[in-house]
Amino acid sequence: MPLFRRRSAPEKRPQLASESPPPGLRARLAKSRDALSRGLGGLLRGGALDEDLFEDLEDLLISADLGVPASRRVMEGLRGAVKSGRVADPKGVLSLLRDQIEQILAPCARKLSLNARPFVVLVVGVNGVGKTTTIAKLAGRLQDQGYSVMLAAGDTFRAAAVEQLQRWGERLDIPVIAQEHGSDAAAVAHDALAAARARGVDVLIVDTAGRLHTQSDLMEQLKKVKRVLAKLDAAAPHEVLQVLDAGTGQNALSQLEHFNAAVGVDGLCLTKLDGTAKGGVLVAIAEKFAVPIRYIGVGEKRHDLREFDAAQFAAALIPETLNA
Ligand SMILES: Nc1nc2c(ncn2[C@@H]2O[C@H](COP(=O)(O)OP(=O)(O)O)[C@@H](O)[C@H]2O)c(=O)[nH]1
Ligand SMILES: [Mg+2]
């Protein structure tokens, strides 16, 4: 239960001509689905649902970045269903694949719940995965829901990073707490949380660097940011949100392990699902880690952030028919 009530939503901004309604998830996951579609079409049109086919299907799932353990588990489910006669044709295979994938994803579909005020989100992840863009999209989303938001420019390593966040702040009309490039990220986070409390802001989102001189410098900095936030509010940050670029495929799993070991990851946002055929990596992550997937990024614009929904994602990934 959120501790505080939502404010009434702000008046709708006039729609700009370029702001067409966001296309459905299916359209945005087309690259991942097409890759699977082609492979499934080739295999399932062939004929018998036999062991040769099962092996080829397993290879196809692995090549679509579902990873070995998840691909095996899906195929075990399919073998069982064919054996017991529950699945007897290609359409049945597709529907079973969708169900199996949904079952693997379902435990990770846990929404972010804003149960503190200010609710502090610390956004982490390697350079270029989409942290700053995700922060902007998330801030816009929360603002649309009636929450007041503040941003902290904690990527002080690159001059352009502070400006990038400030530009988003201007566009969204959201305050951005920043110091000059090269200053201490933990000091920025400290000032931002103090300001958020003083101004009674609902949500503070803290941006961070994705690269410093070394990987251990980065992890030490993130730990320091966490410590400093916790000094002001023992429960902060309430959410360490790691951003992962889905296009990096299996590499995303080792990024998660590294950051989780250093700072503890509470939730994920998988970005760039619109530009990659590797969307299956969400299934690999869900099979291996019991980590909430909060959001997915499906484009670079303000509205291109979706709450993660296991059934929708599975349905968008696996075609309904062989001609889809
Ligand atoms: N297509 C696409 N591009 C994205 C998405 N999220 C971020 N990007 C782009 O990825 C690039 C790096 O993003 P940025 O937020 O600066 O990454 P950061 O270094 O982690 O802060 C930018 O060009 C973004 O516009 C997404 O969901 N889809
Ligand atoms: Mg950034």
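This is a short tour of the two domains, two helix pairs and the ligand site of a predicted model.

**Stop 1: the two domains**

Select residues 26–108 and colour them as domain 1. Then select 119–311, which is domain 2. Their C-alpha centres lie 33 Å apart. The two domains touch, and the contact takes 19 residues from domain 1 and 25 residues from domain 2.

Stay on the domain 1 side of that contact. Show helix H2 (30–44), helix H4 (68–83) and helix H5 (90–105); each supplies at least two residues to the side that touches domain 2. Which of the helices gives the most to this side? H5 does, with four residues. Colour this side by class: twelve residues are nonpolar, two are polar and five are charged.

**Stop 2: H4 against H5**

Keep H4 and H5 on screen and hide the rest. The two helices pack at an angle of about 135°, with their axes 10 Å apart. H4 is therefore oblique to H5. The crossing of H4 past H5 is right-handed.

Now bring up the side chains. From H4, pick Ala70, Arg73, Val74, Gly77, Leu78 and Ala81. From H5, pick Val93, Leu96, Leu97, Gln100, Ile101 and Ile104, which they meet. By class, this contact of H4 with H5 holds nine nonpolar residues, two polar and one charged.

**Stop 3: H10 against H11**

Move on to helix H10 (residues 251–263) and helix H11 (residues 281–288). What is the angle between H10 and H11? They pack at about 40°, and their axes are 9 Å apart. That is why H10 and H11 count as oblique to each other. H10 passes H11 in a right-handed crossing.

Select Ala252, Leu253 and Leu256 in H10. Opposite them in H11 are Val281, Ala284, Ile285 and Lys288. The contact of H10 with H11 has six nonpolar residues, one charged and no polar ones.

**Stop 4: the ligand**

Finish at ligand 1. How many residues surround ligand 1? There are 19, and the closest are Gly130, Lys131, Thr132, Thr133 and Gly297. Label those five. Then add helix H6 (residues 131–144), which gives the most to the shell, with three residues. Colour the shell by class to end the tour: eleven residues are polar, five are charged and three are nonpolar.

Terms used. Residues are numbered from 1 along each chain as its sequence is written. Chains are lettered from A and ligands numbered from 1 in the order in which they are written. This is a predicted model: local features need pLDDT of at least 70, side-chain atom pairs count only at pLDDT 80 or more; totals for chains, interfaces and linings use all residues. A residue is near a molecule or strand if its C-beta atom, placed from the backbone, lies within 6 Å of it. Ala, Val, Leu, Ile, Met, Phe, Trp, Tyr, Cys and Pro count as nonpolar, Asp, Glu, Lys and Arg as charged, and the others, Gly among them, as polar. Domain bounds come from an automatic or database domain assignment. Two residues are in contact if their C-beta atoms, placed from the backbone, lie within 7 Å. Axes are lines fitted to C-alpha atoms, for helices over the stretch in contact, and angles run from 0 to 180 degrees between N-to-C directions. Angles under 35 degrees count as roughly parallel, over 145 as roughly antiparallel, 65 to 115 as roughly perpendicular and the rest as oblique. A crossing is left-handed if the near helix is turned anticlockwise from the far one by less than a right angle, and right-handed if clockwise.
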